[in-house]
Amino acid sequence: MIRMAPRFRLYRDRHKPFYYSLIIFSILALTTYIYLTFNITKLTEEKFVSYSYQDLDSETQHTFYKGCLDIKSYLNDASYRKSNASFVMLARNQELDDVLSTLCDIESHFNQWYHYPYVFLNDEPFTEEFKQRVRQNVTGSVQFGTLKELEWEFPNEVRETIEFTERIKDQADRGVMYGDLESYHKMCRFYSGLFYKHPLVRAYDWYWRIEPDVKFFCDITYDPFFEMERNGKEYGFTVVLQELYWSVPGLFRATRSYIRNNKIKLGSLWKLFAGSFEYAQTNDKYLEKTVLDEKLLKEKLEEKIKIDRLLQKTQKDDVDLNNKDDIGGLNHLINRAQSKVPIFDDKIDNEVFNLCHFWSNFEIAKRTVFDNPIYDEYFKHLEASGGFWKERWGDAPVHSLGLALTLDIEQIHYFRDIGYQHSTIVHCPKNAPQELQLPYIAGYDKFSKKDSKYYDPPFNVGSGCRCECPSRHLDIEDTSYPCMDFWLELAHGIEENTNFGDGEYFPYVDLDQREEEMKNEFYSNV
Ligand SMILES: Nc1nc2c(ncn2[C@@H]2O[C@H](COP(=O)(O)OP(=O)(O)OP(=O)(O)O)[C@@H](O)[C@H]2O)c(=O)[nH]1
Ligand SMILES: *[C@@H]1O[C@H](CO)[C@@H](O)[C@H](O)[C@H]1NC(C)=O
Ligand SMILES: *[C@@H]1O[C@H](CO)[C@@H](O)[C@H](O)[C@H]1NC(C)=O
Ligand SMILES: [Mg+2]
């Protein structure tokens, strides 16, 4: 699987003997290298091959297609119908250039063939110039909407408090990213709980959220809305990563209290965002609080077994301080007396937020994943807690936790074949093999493109169509630890150490049983 540097240059010249020994040495080194790599790879189950070079598909989670499709026949297929969908972008008038740059990417890579409409939203009216230039540069219809003051601003009773200004200001002192920008808080609140209620957004069943100054790198030759619908998907993402802890310290507590008070039965997507402390089933209160994983289980059970044995011996007055086992038991007893039961500040209902979330500046989703009573009430609950201004809750973690209230992992789609960049974060796939690439045919002359020699080279397990990734980019897929790992475990149904069913976690191991097994192992030959 590992690919080696494509070419290296040897300087053939005068010193032939040196040259030959160099070749022999190289061959030896190479053989050793291949041998070692092969074995290491086998030993570590290919852990060292970056995700971006691997086939990550599973039966339920895979790209809809590999490479490019013939768009004409796709559109003419009897089963195809255009979805009830639109793009949605919130933007300011002064961002026009960045807006056009995004539109250019969207049109040239996708919409020139599909002509989906656009909805633009702004807290102020869009200028004529903005509207005109946008209309000139897209191939779908465009609607411009404003937000009534009530939707955009925080509620009056909140804005009038001194605490409101103070809390936003003090986030600057505490170094919360964007924390002291009131407009940023408003934007996060708007995207968290209001955009899907806007009449222009409600006029469609599906939406694709885009932002000014984002980039797309690959051609999307199929209709993502239609494919999601036909594959039972409701929410699609391109980037999953961890949130900055200090922007959301209270979000998980507020979310859990909503779940508890409303007896919400969670979807299996919850497992992507919540870590569970429900590890061991036991009546022993001490062990229940301390055994949180397999390593602690071994440690703490051994301790318990040895202490129990020592105590038994004490009763029979049979303790022998020259006996290694008895001394061991004593040491365990002392260790236990000195050790503290761990306290977790953020352990709520036996769970912790792992900070993973889908990055919401890109979303392709069914509107009703948010526009439904459960999510709506959830937003109201969050709003009432004040977290959108007391802290700087982003719409991304709010969306993710909110989605997990209702959705199962199978309803989520990873658009791995869509190359995307927002700020410095890039996901860009490897191109599918050559036989799955097709020549580019412009839907509109103005989008005529560069020569195919500029496309990235094909790759045996790639999925992209005519991608031109930024050179030497570090893919977020390879750096988004631990979220990508969690996603892949769930996508492949191989997550370990968790039992989740009926909307909640339950203990993973029976501690009494493990204790019996361990005891037998220790004392079988006594
Ligand atoms: N109309 C309007 N749009 C806004 C406002 N604040 C943010 N937005 C839009 O909301 C989206 C996200 O806001 P940004 O400030 O770019 O947030 P970000 O992308 O997380 O942060 P950056 O990395 O700084 O770009 C963009 O589409 C902005 O145009 C606002 O006050 N008014
Ligand atoms: C937008 O359209 C106008 C008029 O067709 C054109 O002159 C301009 O170059 C376009 N801008 C972009 C960014 O495509
Ligand atoms: C699209 O969906 C919206 C919201 O569900 C609905 O009101 C509208 O009639 C639909 N449009 C079409 C063309 O089906
Ligand atoms: Mg931005």
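E166 is partly exposed in this predicted model, with a relative accessibility of 42%. Its salt-bridge partner is K169, and the closest N and O atoms of the two are 3.9 Å apart. K169, for its part, is exposed, at a relative accessible area of 51%. Both residues belong to helix 7 (residues 162–173), where E166 and K169 stand three residues apart, about one helical turn.

A similar description applies to helix 4 (residues 128–136), in which E129 and R133 are four residues apart and so separated by about one helical turn. E129 is partly exposed at 48% relative accessibility, and R133 is partly exposed at 31%.

D170 and R174 also form a salt bridge. D170 has a relative accessible area of 26% and is partly exposed; R174 is likewise partly exposed, at 44%. Elsewhere, salt bridges with shared partners join K304, D308, E515, E516 and K519 into one network. The count of salt bridges comes to 40, among them the three pairs tabulated here.

| Salt bridge | N to O distance |
|---|---|
| E129 and R133 | 3.7 Å |
| E166 and K169 | 3.9 Å |
| D170 and R174 | 3.1 Å |

Side chains of opposite charge can pair when their charged atoms come close.

The surroundings of ligand 3 consist of N84, R202, A203, D205 and R367. Of the ligand's exposed area when taken alone, 360 Å², the protein buries 35%. By class, three of the surrounding residues are charged, one is polar and one is nonpolar. A side-chain N or O atom of N84 is 2.3 Å from an oxygen atom of ligand 3, and a polar side-chain atom of D205 lies 2.5 Å from an oxygen atom of ligand 3.

Methods: Residues numbered from 1 in each chain as written. Chains lettered and ligands numbered in written order. Predicted model: local features only at pLDDT ≥ 70, side-chain atom pairs only at ≥ 80, totals over all residues. Heavy atoms only, no water. Near = heavy atom within 4 Å. Polar contact = N/O pair within 3.5 Å; in protein donor to acceptor, adjacent residues only side chain to side chain. Areas by Shrake-Rupley, 256 points an atom, 1.4 Å probe, with all protein chains shown as cover. Nonpolar A, V, L, I, M, F, W, Y, C, P; charged D, E, K, R; others polar. Salt bridge = Lys/Arg side-chain N within 4 Å of Asp/Glu carboxyl O. Helix = DSSP H or I, 4+ residues; strand = E, 2+ residues; numbered from the N terminus. Buried < 20%, exposed > 50% of the residue type's maximum accessible area, 1.4 Å probe, protein only.
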